[in-house]
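User: Hey, I've got this chain open and I'd like to walk through it with you. Can we just go piece by piece?
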Amino acid sequence: MYNEEEVAIKLGIVGNQAVGKTSLILRVAEKKFCGNQNCGVALDFRSIRNYKLNGKLVNLNIFDVAGHARNSDLALSFIKGASALILAFSLKDQEYYENQGDQQTEKLELQIQHWTDKIIENSCENIPVLIVGCQLDLVQDQERLIPALDEKLQEILKSCKKLNIINNTEKNMIFFPTSALTGQGVDKLFQIWTLEAAKTQQFRGSTLKTKSHLKKQNQKDQCC
Ligand SMILES: Nc1nc2c(ncn2[C@@H]2O[C@H](COP(=O)(O)OP(=O)(O)O)[C@@H](O)[C@H]2O)c(=O)[nH]1
Ligand SMILES: [Mg+2]
């Protein structure tokens, strides 16, 4: 049991505005879909207490970098200390772009390229990154879109050797499709995300940092 010294796991999520990042976090924090979330702040912080990971209770500290803060150094600097990151994009948007003709690859490529560059600039080397497709329930033709996107993402990320991308091994894909509305794919994603983060923290510090320890650090958690 972790009653005496609670474990705090530090996570970060990035991606364009309105792709569904905050809704994904709130699905787990509030155990429901929370509707319209666009609040306009550059960085949102959420703490999820008593999250069950491998039979143990841990606390999740999640930095949610708003899409419009895509170039805000202040917001991006907060991902520096994260132990595992999610790069989120909208599956609904990808289906829309695809229906517009051949611009889909470019749109996806530009988004992924922007955020992978930011991650490389602002995070620790070798940080685990999970690529997450949100708003799955809004996709009309999932059977066609999901494998097509997987193939495109494999191609886009092939050249990005600096990133430690965590594959969706259960589905044999490079990304994790999710819906904050139905909850599909969300619990599994959080388990893998937090497990990867816990592994990183163990690797960095030999032991996971406790919350009391973190407080003493005077909020200056530089990792590199
Ligand atoms: N149907 C559906 N709508 C979603 C889902 N996730 C987010 N949304 C909606 O998409 C919009 C943007 O979501 P939000 O979480 O604020 O995106 P963020 O800017 O990336 O944090 C909001 O209106 C949400 O209600 C989802 O999985 N399904
Ligand atoms: Mg948000």
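User: Let's start with Lys31. Where does Lys31 lie?
Analyst: Lys31 is in the loop between H1 and strand E2 (43-53). Bear in mind that this is a predicted model.

User: OK, and what's its phi like?
Analyst: Phi of Lys31 is near 60 degrees, which is a positive value in a residue other than glycine. That comes just after H1.

User: Is Lys31 buried or exposed?
Analyst: Lys31 is exposed, because there are 8 other C-beta atoms within 10 Å, and 12 or fewer counts as exposed.

User: Which other residue has a positive phi although it is not a glycine?
Analyst: Asn50 does, at about 55 degrees. Asn50 sits in strand E2. With 10 C-beta neighbours inside 10 Å, Asn50 counts as exposed.

User: Back to H1 for a second. How many of its residues are buried?
Analyst: Seven of the nine residues in H1 (residues 21-29) are buried, so the helix is mostly covered. The buried ones are Lys21, Thr22, Ser23, Leu24, Ile25, Arg27 and Val28.

User: Now the core. Which residues touch the most other members of the largest nonpolar core?
Analyst: Leu85, Leu87, Ala88 and Val132 do, in a core of 49 residues. Strand E4 (residues 84-90) gives the most to this core, with six residues.

User: Why is E4 described as largely enclosed?
Analyst: Because seven of the seven residues of E4 are buried, the rest of the structure largely encloses the strand. Ala84, Ile86, Ala88 and Ser90 point one way, while Leu85, Leu87 and Phe89 point the other way, and all are buried.

User: Which strands does E4 pair with?
Analyst: One is strand E1 (residues 7-15), in the parallel sense over five bridges. Another is strand E5 (residues 128-134), also parallel, over six bridges.

User: Can you give me some residue pairs to click on?
Analyst: Sure. Between E1 and E4, Val14 stands opposite Leu87, and Leu11 stands opposite Ala84. Over on the E5 side, Ala88 in E4 stands opposite Val132.

User: What does Val132 contact, leaving aside neighbours within four places in sequence?
Analyst: Val132 is in contact with Ile86, Leu87, Ala88, Phe175, Phe176, Thr178 and Leu189.

User: And E1, how many of its residues are buried?
Analyst: Seven of the nine residues of E1 are buried, so E1 is largely enclosed by the rest of the structure. E1 also runs parallel to strand E3 (residues 56-65), and seven bridges join them. Gly12 in E1 stands opposite Phe63 in E3.

User: Different spot: where is Ile174?
Analyst: Ile174 is in the loop between strand E6 (164-165) and E7. Ile174 is buried, with 21 other C-beta atoms within 10 Å.

User: What does Ile174 touch?
Analyst: Not counting residues up to four places away in sequence, Ile174 touches Ile131, Asp150, Leu153, Gln154, Leu157, Ile165, Asn167 and Asn168. Take Leu153: Ile174 and Leu153 are 21 residues apart in sequence and 7.2 Å apart in space, C-alpha to C-alpha.

User: Let me zoom out. How many helices and strands are there in the chain?
Analyst: The chain has seven helices and seven strands. Along the sequence the pattern reads β-α-β-β-α-β-α-α-β-α-β-β-α-α.

User: What share of the residues is buried?
Analyst: Buried residues make up 38% of the 224 residues in the chain. As for contacts with a separation of 6 or more, 73% are between residues 24 or more positions apart.

User: Last thing, confidence. What's the mean pLDDT of the chain?
Analyst: The mean is 83, and 80% of the residues reach 70 or more.

User: Where is confidence lowest, and where is it highest?
Analyst: Confidence is lowest in helix H7 (residues 211-216), at a mean of 49, and highest in strand E7 (residues 175-177), at 98. Over residues 206-215 the pLDDT stays under 50, and the model has 16 contacts beyond four places in sequence for that stretch. Residues 217-224 are also below 50, with six contacts in the model beyond near neighbours in sequence.

Notes
Residues are numbered from 1 along each chain as its sequence is written. Chains are lettered from A and ligands numbered from 1 in the order in which they are written. This is a predicted model: local features need pLDDT of at least 70, side-chain atom pairs count only at pLDDT 80 or more; totals for chains, interfaces and linings use all residues. A nonpolar core is a set of buried Ala, Val, Leu, Ile, Met, Phe, Trp, Tyr and Cys residues joined through C-beta atoms within 7 Å. A residue is buried if 20 or more other C-beta atoms lie within 10 Å of its own, exposed if 12 or fewer, and partly exposed in between; C-beta atoms are placed from the backbone. Helices (H or I, at least four residues) and strands (E, at least two) are DSSP runs, numbered from the N terminus. Two residues are in contact if their C-beta atoms, placed from the backbone, lie within 7 Å. Two strands pair if DSSP finds at least two bridges between them. pLDDT is the predictor's confidence in each residue, from 0 to 100.
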